[in-house]
Amino acid sequence: MSGFHGLFIPGPTNMPCGVRQAMDIALEDQRAPDFPAFTLPLFHDLKKVFKTDKGQVFLFPGSGTGGWEAAITNTLSPGDRVLIAVFGQFLHLWADLCRRHGLIVDAVEVEWGEGVPVDVFEQRLRDDNRHTITAVLVCHNETATDVTSNVAAVRNALDAAAHPALLMVDGVSSIACIDFRMDEWGVDVAVCGSRKGFMLPTGLAIVAVSPKALETHRSAKCPRCYFDFADMVRTNKDGYFPYTPATNLMRGLRASLDMLLGEGLDNVFARHHRLAESARLAVKEWGLSLCAKEPKWHSDIVTAICVPKGSNSDDVVKIAYHRYRMSLGVGLSKVAGRVFRIGHIGDINEIMILQALAGCEMALRDVGIAVRPGSGVAAAQEYFRATAPRLQLDKVA
Ligand code: PLP
């Protein structure tokens with residue numbers, strides 16, 4: 001079949017040509033004398049995306065889940081207590097991973113479609129006057145439900161309660177897409193992966209660590225080996241790794257960083273916001289609702305759309321895949337069959353999102369959901385036209 005298959009899931013994302021080409025190289029010597037000339041600037045530039053001067057960023061072979069494991073095993077000990085709010089599949093999985101490592105998980109169950117209950121967190125932290133909670137875990141963007149939470153507010157809650165717990169953030173689908181400020185928000189460990197905002201294949205767990213977390217690491221007793229921060233610290237300072245690094249992915253990461261920093265992070269965030277707004281306008285025109293319950297939770301990364309009672313969102317995704325050659329995200333776990341998701345993350349622009357919206361309209365109508373053909377697309381088009389940068393035709397070629 002000609003043309004390409006539209007990838008509108010919230011990761012893996014569309015891989016830019018430049019990133020793909022940067023990885024299409026012969027394998028290289030990871031102990032070569034000039035390898036640090038490549039890796040040290042890479043570490044340096046990664047810190048710009050996490051907005052940290054004080055922290056250090058480690059590149060582990062792995063995915064986001066490996067990043068979670070690195071975060072907790074390096075900083076916590078079995079029997080430690082962590083505070084987490086669960087309102088989506090990825091938070092559920094992170095909490096589960098903590099339990100399997102012998103941690104005590106204080107899970108605040110929140111309705112799916114809402115975000116971190118900062119007031120509840122603050123009260124729990126105030127009540128914990130013996131400081132038994134050792135870490136607070138936050139998912140910046142819960143990809144399963146299109147909910148973005150306020151990390152800065154969680155930091156404020158910790159400060160207001162004068163609580164010393166570490167602040168750990170899952171930024172797997174947020175970092176490099178929406179604003180993330182590690183130092184300013186006092187984040188101790190931030191976890192990301194290669195296959196979302198960084199527009200790469202799966203294979204790197206990208207973990208940023210504050211000096212406080214590195215200090216805590218010295219006494220943390222969770223078993224670890226492959227993901228040990230200490231081995232990374234020891235070898236990364238000279239530009240090397242404790243074991244064979246994923247060099248081709250790192251070459252791709254160099255290209256990805258050049259793209260992100262070349263566009264300018266603020267422009268990257270603005271682009272994600274614009275695309276998300278257009279999708280939200282389309283959903284409104286279709287008469288459907290978002291999984292995110294209130295505008296304050298709206299995600300600029302993914303739009304999760306509830307189908308009317310009696311319809312199955314999996315059918316929308318299946319029809320879109322087979323009839324129109326585009327991938328949408330299915331609803332996960334609690335929202336399976338009730339929600340489908342449009343990912344507008346990474347290397348994506350206005351025309352691509354219009355394509356996704358057009359495909360959704362056809363698939364929705366095919367399953368009997370009576371959206372007006374072209375209605376969502378038109379709303380998005382008009383929004384793009386109204387908000388496009390002014391162009392002086394006589395000043396451009
Ligand atoms: N956290 C979030 C917010 C995610 O969206 C995902 C995956 O989509 C993960 C963690 C797990 O990452 P991975 O599947 O790369 O291990």
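**Exercise 1. Find where Ser 327 sits, decide whether it is buried or exposed, and list its contacts.**

Step 1. Ser 327 has its place in strand β13, which covers residues 326-330. Keep in mind as you go that this is a predicted model.

Step 2. Now for the surface. The relative accessible area of Ser 327 is 13%. Buried means under 20%, so Ser 327 is buried.

Step 3. Skip the neighbours within four places in sequence and see what's left: Ser 327 is in contact with His 5, Gly 6, Leu 7, Phe 8, Ile 9 and Tyr 321.

**Exercise 2. Do the same for Ser 256, then follow one of its contacts, Met 199.**

Step 1. You'll find Ser 256 in helix α9, residues 247-263.

Step 2. Its relative accessibility is 0%, so Ser 256 counts as buried.

Step 3. Beyond the neighbours within four places in sequence, Ser 256 is in contact with Val 19, Phe 198 and Met 199.

Step 4. Let's hop over to Met 199. It lies in the loop between β9 (189-193) and β10 (203-209). With 4% relative accessibility, Met 199 counts as buried too.

Step 5. Check the backbone of Met 199: phi is near 60°, a positive value, and the residue isn't a glycine. Most residues other than glycine have a negative phi.

**Exercise 3. Look at the backbone of Lys 51 and at the peptide bond from Gly 11 to Pro 12.**

Step 1. Lys 51 isn't a glycine, yet it has a positive phi of about 55°.

Step 2. Lys 51 is placed in the loop between α2 (35-50) and β2 (56-62). Its relative accessible area is 29%, so Lys 51 is partly exposed.

Step 3. On to the peptide bond. Going from Gly 11 to Pro 12, the bond is cis, with omega near -5°. Most peptide bonds are trans.

Step 4. Pro 12 is in the loop between β1 (6-8) and α1 (17-23).

**Exercise 4. Describe how helices α10 and α13 pack.**

Step 1. Two numbers do the job: packed helices are described by the angle between their axes and the distance between the axes.

Step 2. For α10 (residues 265-286) and α13 (residues 375-387), the angle is about 140° and the axes are 8 Å apart. The crossing is right-handed.

Step 3. Who meets whom? The α10 side includes Arg 274, Leu 281 and Trp 286, while the α13 side includes Gly 376, Tyr 383 and Phe 384.

Step 4. Sort the contact of α10 with α13 by class, and you get eight nonpolar, four polar and three charged residues.

**Exercise 5. Place Ile 305 and find its contacts.**

Step 1. Ile 305 is found in strand β12 (residues 302-306). Its relative accessible area is 0%, so Ile 305 is buried.

Step 2. Among its contacts outside the neighbours within four places in sequence are Val 283, Trp 286 and Phe 340.

Step 3. Compare two separations: Ile 305 and Ala 282 are 23 residues apart along the chain, and their C-alpha atoms are separated by 11 Å.

**Exercise 6. Zoom out to the protein chain.**

Step 1. Count the elements: 13 helices and 14 strands.

Step 2. The radius of gyration is 22 Å, close to the 21 Å from the globule rule for 397 residues, so the chain is as compact as a globular protein of that length.

Step 3. Of those 397 residues, 56% count as buried.

How values were computed. Residues numbered from 1 in each chain as written. Predicted model: local features only at pLDDT ≥ 70, side-chain atom pairs only at ≥ 80, totals over all residues. Heavy atoms only, no water. Axes fitted to C-alpha atoms, helices over the stretch in contact; angles between N-to-C directions. Helix = DSSP H or I, 4+ residues; strand = E, 2+ residues; numbered from the N terminus. Left-handed = near helix turned anticlockwise from the far one by under 90°. Contact = heavy atoms within 4.5 Å. Nonpolar A, V, L, I, M, F, W, Y, C, P; charged D, E, K, R; others polar. Rg over C-alpha atoms; globule rule 2.2 N^0.38 Å. Buried < 20%, exposed > 50% of the residue type's maximum accessible area, 1.4 Å probe, protein only.
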